[in-house]
Amino acid sequence: MKIALTIVFIVICVALIILVLSQEGKDNNISSTLTGSADSYWSKNKGKSKDAMLAKVTAVLVVLFFVIAILLSSKWV
(Lines give C-alpha, C1' and ligand atoms only; values in the text may rest on other atoms or scores of the structure.)
Protein backbone atom coordinates (compact mmCIF):
# COMPACT_ATOMS: atom_id res chain seq x y z
CA MET A 1 0.00 0.00 0.00
CA LYS A 2 2.79 2.41 0.88
CA ILE A 3 4.59 1.73 -2.41
CA ALA A 4 1.42 2.42 -4.42
CA LEU A 5 0.79 5.68 -2.52
CA THR A 6 4.39 6.73 -3.07
CA ILE A 7 4.08 6.14 -6.82
CA VAL A 8 0.81 8.11 -6.95
CA PHE A 9 2.44 10.85 -4.88
CA ILE A 10 5.34 11.14 -7.33
CA VAL A 11 2.97 11.26 -10.31
CA ILE A 12 0.95 14.02 -8.62
CA CYS A 13 4.15 15.95 -7.89
CA VAL A 14 5.25 15.81 -11.54
CA ALA A 15 1.74 16.76 -12.73
CA LEU A 16 1.68 19.74 -10.36
CA ILE A 17 5.04 20.95 -11.62
CA ILE A 18 3.88 20.74 -15.22
CA LEU A 19 0.55 22.45 -14.50
CA VAL A 20 2.06 25.31 -12.53
CA LEU A 21 4.68 25.96 -15.19
CA SER A 22 2.10 25.87 -17.98
CA GLN A 23 -0.12 28.52 -16.38
CA GLU A 24 0.26 32.11 -17.44
CA GLY A 25 1.18 34.75 -14.94
CA LYS A 26 -1.28 37.39 -13.77
CA ASP A 27 0.89 40.28 -14.99
CA ASN A 28 0.59 39.60 -18.73
CA ASN A 29 -1.04 42.95 -19.38
CA ILE A 30 2.00 44.91 -18.20
CA SER A 31 4.11 43.86 -21.17
CA SER A 32 1.37 44.62 -23.69
CA THR A 33 0.83 48.01 -22.06
CA LEU A 34 4.51 48.86 -22.27
CA THR A 35 4.84 47.77 -25.88
CA GLY A 36 1.62 49.46 -26.95
CA SER A 37 0.04 46.38 -28.46
CA ALA A 38 -3.72 46.37 -28.12
CA ASP A 39 -5.60 43.15 -27.48
CA SER A 40 -8.97 42.50 -28.98
CA TYR A 41 -11.86 41.07 -27.01
CA TRP A 42 -11.29 37.64 -28.57
CA SER A 43 -7.59 37.50 -27.71
CA LYS A 44 -8.28 38.59 -24.13
CA ASN A 45 -10.93 35.95 -23.45
CA LYS A 46 -9.96 32.95 -25.55
CA GLY A 47 -7.68 31.54 -22.85
CA LYS A 48 -9.97 31.99 -19.87
CA SER A 49 -11.61 28.60 -20.16
CA LYS A 50 -8.21 26.89 -20.40
CA ASP A 51 -6.83 28.95 -17.53
CA ALA A 52 -9.88 28.23 -15.39
CA MET A 53 -9.61 24.51 -16.09
CA LEU A 54 -5.89 24.52 -15.24
CA ALA A 55 -6.61 26.33 -11.98
CA LYS A 56 -9.30 23.80 -10.99
CA VAL A 57 -7.12 20.80 -11.83
CA THR A 58 -4.24 22.38 -9.92
CA ALA A 59 -6.45 22.88 -6.86
CA VAL A 60 -7.62 19.27 -6.94
CA LEU A 61 -4.06 17.98 -7.30
CA VAL A 62 -2.88 20.17 -4.42
CA VAL A 63 -5.57 18.71 -2.15
CA LEU A 64 -4.59 15.18 -3.22
CA PHE A 65 -0.94 16.06 -2.67
CA PHE A 66 -1.56 17.08 0.93
CA VAL A 67 -3.88 14.15 1.69
CA ILE A 68 -1.37 11.62 0.37
CA ALA A 69 1.50 13.40 2.14
CA ILE A 70 -0.38 13.14 5.43
CA LEU A 71 -1.19 9.49 4.78
CA LEU A 72 2.41 8.66 3.94
CA SER A 73 3.67 10.37 7.10
CA SER A 74 1.18 8.64 9.35
CA LYS A 75 1.56 5.20 10.92
CA TRP A 76 -1.65 3.92 9.30
CA VAL A 77 -0.01 3.03 6.01
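## Overall layout

The chain has four helices and zero strands. Keep in mind as you look at it that this is a predicted model. Reading from the N terminus, the order of elements is simply α-α-α-α. Two of these helices come up again and again below: α1, which covers 2-22, and α4, which covers 48-73.

How much of the chain is buried? Of its 77 residues, 14% fall into that class. The accessible surface adds up to about 6,300 Å², and carbon and sulfur atoms account for 72% of that area. As for contacts, take the ones between residues at least 6 apart in sequence: 94% of them join residues at least 24 apart.

## The nonpolar core

Now for the inside. In soluble globular proteins, nonpolar side chains tend to be buried together. Here, the largest nonpolar core holds nine residues: L5, F9, I12, L16, L19, L54, L61, I68 and L72. Helices α1 and α4 each put in at least two of these residues, and α1 gives the largest share, with five.

A good residue to click on is I12, one of the core members. Which residues does I12 touch, once its neighbours within four places in sequence are set aside? The list is L61, L64, F65 and I68. Of these partners, L61 and I68 are themselves listed in the core.

## F9 and its partners

F9 sits in helix α1 and is another member of the core. Is F9 buried or exposed? F9 counts as buried because its relative accessibility is 18%, and the cut-off for buried is under 20%. Ignoring neighbours within four places in sequence, F9 is in contact with F65, I68, A69 and L72. For L72, which is 63 residues away along the chain, the C-alpha to C-alpha separation from F9 is 9.1 Å.

## The aromatic cluster

How many aromatic pairs turn up in a search of the whole structure? There are two. One is F9 with F65, a stacked pair with 4.9 Å from centre to centre and 20° between the planes. This pair ties together distant parts of the chain, with F9 in helix α1 and F65 in helix α4, 56 residues apart. F65 counts as partly exposed, since its relative accessibility is 24%.

F65 also pairs with F66, this time edge-to-face, at 5.4 Å centre to centre and with 80° between the planes. Put together, F9, F65 and F66 make one aromatic cluster.

## Another spot on α4

A59 is also worth a look. A59 is in helix α4, and a relative accessibility of 43% is why A59 counts as partly exposed. The C-alpha atoms of A59 and L16 are 9.4 Å apart, although the two residues are separated by 43 residues along the chain. L16 belongs to the nonpolar core.

## A patch on the surface

What about nonpolar residues on the outside? M1, W76 and V77 make a nonpolar surface patch of about 440 Å². V77 is found in the segment after α4. Why can V77 be part of a patch? With a relative accessible area of 31%, V77 is partly exposed, so V77 passes the cut-off of over 30% that patch residues need.

How values were computed. Residues are numbered from 1 along each chain as its sequence is written. This is a predicted model: local features need pLDDT of at least 70, side-chain atom pairs count only at pLDDT 80 or more; totals for chains, interfaces and linings use all residues. Side-chain values use heavy atoms; hydrogens and water are left out. Helices (H or I, at least four residues) and strands (E, at least two) are DSSP runs, numbered from the N terminus. Buried means under 20% relative accessible area, exposed over 50%, partly exposed in between (1.4 Å probe, protein chains only). Contact means heavy atoms within 4.5 Å. Accessible areas come from the Shrake-Rupley method with a 1.4 Å probe; for residues, only the protein chains shown count as cover. Patches are made of residues with over 30% relative accessible area and no salt bridge: like charges are joined within 9 Å, nonpolar side chains (Val, Leu, Ile, Met, Phe, Trp, Tyr) within 5 Å. A salt bridge is a side-chain nitrogen of Lys or Arg within 4 Å of a carboxyl oxygen of Asp or Glu. A nonpolar core is a set of buried Ala, Val, Leu, Ile, Met, Phe, Trp, Tyr and Cys residues joined through side-chain atoms within 4.5 Å. Rings of Phe, Tyr and Trp (its six-membered ring) pair if their centres lie within 6.5 Å; planes under 30 degrees apart count as stacked, over 60 as edge-to-face and the rest as tilted.
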